[in-house]
Amino acid sequence: MTIDVHGHITSPELFRRFPMPPSLADVDGMVELKAAAGITTSLVGSPVGAGTMVRTPGLDNYRQPLDTLERFHDWLGEQVRARPAALRGYVYTNPLGSDAELAAAAKRLEQDEFVGLMVNSSIAGRFLDTPRADAFFAMAAQYRTPVMLHPPAEPAGAGELDDLRLVEQIARPCDVTLGTAAVLFAGWLEKYPELRIVAPVCGGGLPLLLERLELARRMPATFGRPGGAPGGPPGGPPPEARGPGAAGPGGPGGPGTAGPGVPAVPPLAEALRRVYVDTATPSLRAVAAAVDAFGAGNVLFGTDSPPMSAPLDASLARLNGLGLDAATVARIRHGNAAGLFGLTAAPAAA
């Protein structure tokens with residue numbers, strides 16, 4: 001048994017309107033291909049709603065009509081009901097969108113077909129450390145639904161890249177890296193303890209940057225601002241946990257230590273317990289780093305297929321190259337995802 005937490009499909013309506021890989025429209029083919037590899041359930045959705053990840057002149061994925069997005073979710077729900085053992089859905093929304101958009105997403109989460117939210121790690125170059133994201137994170141926390149921070153079609157800063165290979169393979173994982181860090185620094189996980197974040201592609205570069213993130217969290221929120229103007233996340237910096245000079249888990253000078261005049265903050269590890277990563281990467285090194293950084297209990301099997309075309313059996317075999325015991329591999333293959341997404345019963349078949 002294996003649960004793939006990262007897949008995409010698209011409706012015939014959108015496939016006719018926009019350029020996109022044909023594999024996204026072949027739902028039965030995807031289910032059969034994954035079943036042959038031993039992948040029993042896939043969590044699928046769209047990282048662009050009723051849009052496309054392919055650069056399309058004149059298209060703004062963040063200004064799509066709500067009725068078009070609703071038709072997409074209607075179609076996605078039908079696909080899940082027709083294949084209740086094989087599929088579950090993500091609800092797409094713009095986390096910086098209107099009240100009507102958030103209300104429509106919340107209503108979808110009341111359907112058994114949908115088990116999570118899929119949003120972009122940045123919105124038109126803006127990360128989710130803005131107070132404008134508060135209503136979205138409050139809604140996600142209320143429904144206790146995991147939030148996948150999927151990279152957008154146009155990652156922050158990628159507009160000047162002419163080589164789309166760099167956008168696909170480098171800029172998008174970098175957007176996940178910075179987008180997830182922005183969520184951590186904004187204090188959303190402290191404000192809403194029920195929140196659970198999924199950072200795909202092994203969290204981008206986060207597994208190699210945790211020590212630097214810890215150092216940054218212990219710097220004053222006014223760092224680098226002219227005149228020491230107040231800044232930082234909504235509601236100010238993360239809450240104080242220790243007095244000045246208190247030692248963190250690593251002893252004096254270790255994580256959690258505050259310098260002179262700088263209030264101590266909770267160790268980064270406390271927030272990271274609610275950040276999950278998936279294994280949608282061709283790199284064994286990246287998966288191993290993610291397990292080491294986040295812990296095996298926070299790693300989920302994912303393929304990004306469709307549209308990615310990497311062999312599914314190679315994605316599964318990669319887990320066996322980590323040197324983990326069979327029980328831990330089983331947790332990554334299905335146990336962690338089943339618990340996180342509450343995959344205990346299938347929606348009624350159509």
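The legends below describe close-up views of a predicted model.

Residues are numbered from 1 along each chain as its sequence is written, and side-chain values use heavy atoms, without hydrogens or water. Local features need pLDDT of at least 70 and side-chain atom pairs count only at pLDDT 80 or more, whereas totals for chains, interfaces and linings use all residues.

**Figure 1. Overview of the protein chain.** The chain contains 13 helices and 10 strands; these are DSSP runs numbered from the N terminus, helices being H or I of at least four residues and strands being E of at least two. Of its 350 residues, 51% are buried (buried, under 20% relative accessible area; exposed, over 50%; partly exposed, in between; 1.4 Å probe, protein chains only). Among contacts between residues at least 6 apart in sequence, 75% join residues at least 24 apart, a contact being heavy atoms within 4.5 Å.

**Figure 2. Surroundings of H6 in strand β1.** H6 has a relative accessible area of 1% and is therefore buried. Leaving aside neighbours within four places in sequence, H6 is in contact with L43, M148, H150, P200, D278, A280, G302, T303, D304 and S305.

**Figure 3. Surroundings of D278 in strand β9 (residues 275-278).** D278 counts as buried because its relative accessibility is 0%. With neighbours up to four places away in sequence left aside, its contacts include V5, H6, M148, A199 and P200. Further contacts of D278 are V201, C202, L300 and G302. D278 and A199 are 79 residues apart in sequence, yet 6.8 Å separates them in space, C-alpha to C-alpha.

**Figure 4. The largest pocket.** This pocket holds about 950 Å³ of space. On a 1 Å grid over the protein atoms alone, a pocket is an open set of points with protein on both sides within 12 Å along at least five of seven lines, and lining residues have an atom within 4 Å of a point. Grid points are joined across faces, edges and corners, and a volume is the space filled by probe spheres set on the points. There are 43 lining residues, and E168, R172, D304, P307 and M308 lie nearest the centre. At least two lining residues come from each of β1 (3-8), α6, α8 (200-203) and α12 (312-320); α6 gives the largest share, six residues. The lining comprises 21 nonpolar, 16 polar and six charged residues (nonpolar: Ala, Val, Leu, Ile, Met, Phe, Trp, Tyr, Cys and Pro; charged: Asp, Glu, Lys and Arg; polar: the others, Gly among them).

**Figure 5. Packing of helix α6 (residues 164-186) with helix α9 (residues 210-217).** The two helices pack at an angle of about 35 degrees, with axes 11 Å apart. Axes are lines fitted to C-alpha atoms, for helices over the stretch in contact, and angles run from 0 to 180 degrees between N-to-C directions. A181, L184 and F185 of α6 meet L213, A216 and R217 of α9. By class, these contact residues are five nonpolar, no polar and one charged.

**Figure 6. Surroundings of L117 in strand β4 (residues 114-120).** L117 is classed as buried because its relative accessibility is 0%. Not counting residues up to four places away in sequence, L117 touches residues including Y90, V91, A105, L109, F136 and M139. L117 and A105 are 12 residues apart in sequence and 8.3 Å apart in space, C-alpha to C-alpha.

Note on methods. 1 Å grid on protein atoms, 1.4 Å probe; cavity = no way out; pocket = protein on both sides within 12 Å on 5 of 7 lines; lining within 4 Å.
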